[in-house]
Amino acid sequence: MNRHVVAFTLLVSVCGLSLLQAESPEKQTDPSGDKARKAFEHMKKLSGDWEGKSTKGWTERISYRVIAGGSCLMDLSYGAHPNEWMASMIHMDGDRLMLTHYCVAKNQPRLVATEMADDLSSITFTYLDATNLPSRDKGHMDKCLIRFDGKDKFFSRWTWYQDGMESWMEDIEHRRIKGEAVKDPLTPSDAGK
């Protein structure tokens with residue numbers, strides 16, 4: 001087959017795929033400014049207690065709380081690693097939506113929202129920088145995809161990055177816990193006495 005015909009066929013195929021992606025309801029938009037602020041307000045609706053179940057079989061309990069005068073969404077999770085709490089803080093930084101993950105790996109990757117669906121049904125956070133991480137090639141959480149499925153269910157996928165390679169950790173399905181509160185580690189043990 002003539003090289004020009006092959007090149008033209010390839011170009012038409014790529015253009016057709018681009019048009020299909022542009023019409024997709026999952027269309028991604030610029031994740032800064034007003035869109036980022038709307039996404040942050042949407043994420044605040046996670047406030048409450050959740051149970052997560054991983055595709056690897058483990059479960060975790062998660063407590064989301066809006067703190068600091070509404071400027072931060074705090075996520076405290078227990079169970080992904082035996083007898084360990086982890087935390088993530090989600091907040092605006094100017095026009096950017098940020099997520100800082102306080103990991104059992106003893107580092108704190110800062111992720112920034114890089115993609116979000118027009119309807120805010122999904123938000124992707126991608127590595128920006130980190131504290132306690134001497135090199136990006138040291139193991140750390142590098143990406144987080146959050147996909148909302150109504151007010152009482154969402155999914156997350158965390159990516160681990162190490163030695164120049166990323167791997168999907170697992171998918172986690174989260175369901176809101178109704179009528180039962182997760183024990184908040186920030187509440188003093190003598191509270192209410």
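**Exercise 1. Place Asp 171 in the fold, decide whether Asp 171 is buried, partly exposed or exposed, and list what Asp 171 touches.**

Step 1: Asp 171 sits in strand E11. Keep in mind that you're looking at a predicted model.

Step 2: Now check the accessibility. Buried means under 20% relative accessible area and exposed means over 50%, with partly exposed in between. Asp 171 comes out at 27%, so Asp 171 is partly exposed.

Step 3: Look for partners, skipping residues up to four places away in sequence. Asp 171 touches Lys 53, Ser 54, Thr 55, Ser 156 and Arg 157.

Step 4: Try a distance too. Thr 159 is 12 residues from Asp 171 in sequence, and their C-alpha atoms are 9.8 Å apart in space.

**Exercise 2. Follow the contact to Thr 55: where does Thr 55 lie, and is Thr 55 buried or exposed?**

Step 1: Find Thr 55 in the loop between strand E2 (48-54) and E3.

Step 2: Its relative accessible area is 58%, and since the cut-off for exposed is over 50%, Thr 55 counts as exposed.

Step 3: Leave aside neighbours within four places in sequence, and Thr 55 is in contact with Glu 170 and Asp 171.

Step 4: Compare chain and space. Thr 55 and Ile 172 are 117 residues apart along the chain, yet 6.3 Å separates their C-alpha atoms.

**Exercise 3. Sketch the overall fold: how many helices and strands are there, and in which pattern?**

Step 1: Count the elements: two helices and 11 strands.

Step 2: Read along the sequence and you get α-β-α-β-β-β-β-β-β-β-β-β-β.

Step 3: Take the contacts with a separation of 6 or more. Of these, 42% join residues 24 or more positions apart.

Step 4: For burial, 37% of the 193 residues count as buried.

**Exercise 4. Describe the largest pocket: what is its volume, and which residues line it?**

Step 1: The largest pocket holds about 390 Å³ of space.

Step 2: Its lining has 29 residues, and those nearest the centre are Met 86, His 101, Met 141, Trp 158 and Ile 172. So Ile 172 from Exercise 2 turns up again, as one of the residues nearest the pocket centre.

Step 3: Strands E3, E4, E5, E6, E9, E10 and E11 each give two or more residues to this lining.

Step 4: Sort the lining by type: 19 nonpolar, six polar and four charged.

**Exercise 5. Explore the nonpolar cores, and find the partners of Leu 46.**

Step 1: The largest nonpolar core has 30 residues, and Met 43, Leu 46, Leu 97, Ile 123 and Phe 125 have the most contacts inside it.

Step 2: Among the elements giving two or more residues to this core are helix H2 (34-43), strand E7 (108-117) and strand E8 (122-131).

Step 3: A second, separate core has five residues, including Cys 72, Met 74, Leu 76 and Met 89.

Step 4: Back to Leu 46. Not counting residues up to four places away, Leu 46 touches Tyr 64, Leu 73, Phe 148, Phe 154 and Arg 176.

**Exercise 6. Check two cysteines for burial, then search for disulfides.**

Step 1: Cys 72 has 10% relative accessibility, so Cys 72 counts as buried.

Step 2: Cys 103, at 11%, is buried as well.

Step 3: Search the whole structure for disulfides, and you find zero.

Terms used
Residues are numbered from 1 along each chain as its sequence is written. This is a predicted model: local features need pLDDT of at least 70, side-chain atom pairs count only at pLDDT 80 or more; totals for chains, interfaces and linings use all residues. Side-chain values use heavy atoms; hydrogens and water are left out. A disulfide is a pair of cysteine sulfur atoms within 2.5 Å. Buried means under 20% relative accessible area, exposed over 50%, partly exposed in between (1.4 Å probe, protein chains only). On a 1 Å grid over the protein atoms alone, a cavity is a set of points where a 1.4 Å probe fits but cannot get out, and a pocket is an open set with protein on both sides within 12 Å along at least five of seven lines; lining residues have an atom within 4 Å of a point. Grid points are joined across faces, edges and corners, and a volume is the space filled by probe spheres set on the points. Helices (H or I, at least four residues) and strands (E, at least two) are DSSP runs, numbered from the N terminus. Ala, Val, Leu, Ile, Met, Phe, Trp, Tyr, Cys and Pro count as nonpolar, Asp, Glu, Lys and Arg as charged, and the others, Gly among them, as polar. A nonpolar core is a set of buried Ala, Val, Leu, Ile, Met, Phe, Trp, Tyr and Cys residues joined through side-chain atoms within 4.5 Å. Contact means heavy atoms within 4.5 Å.
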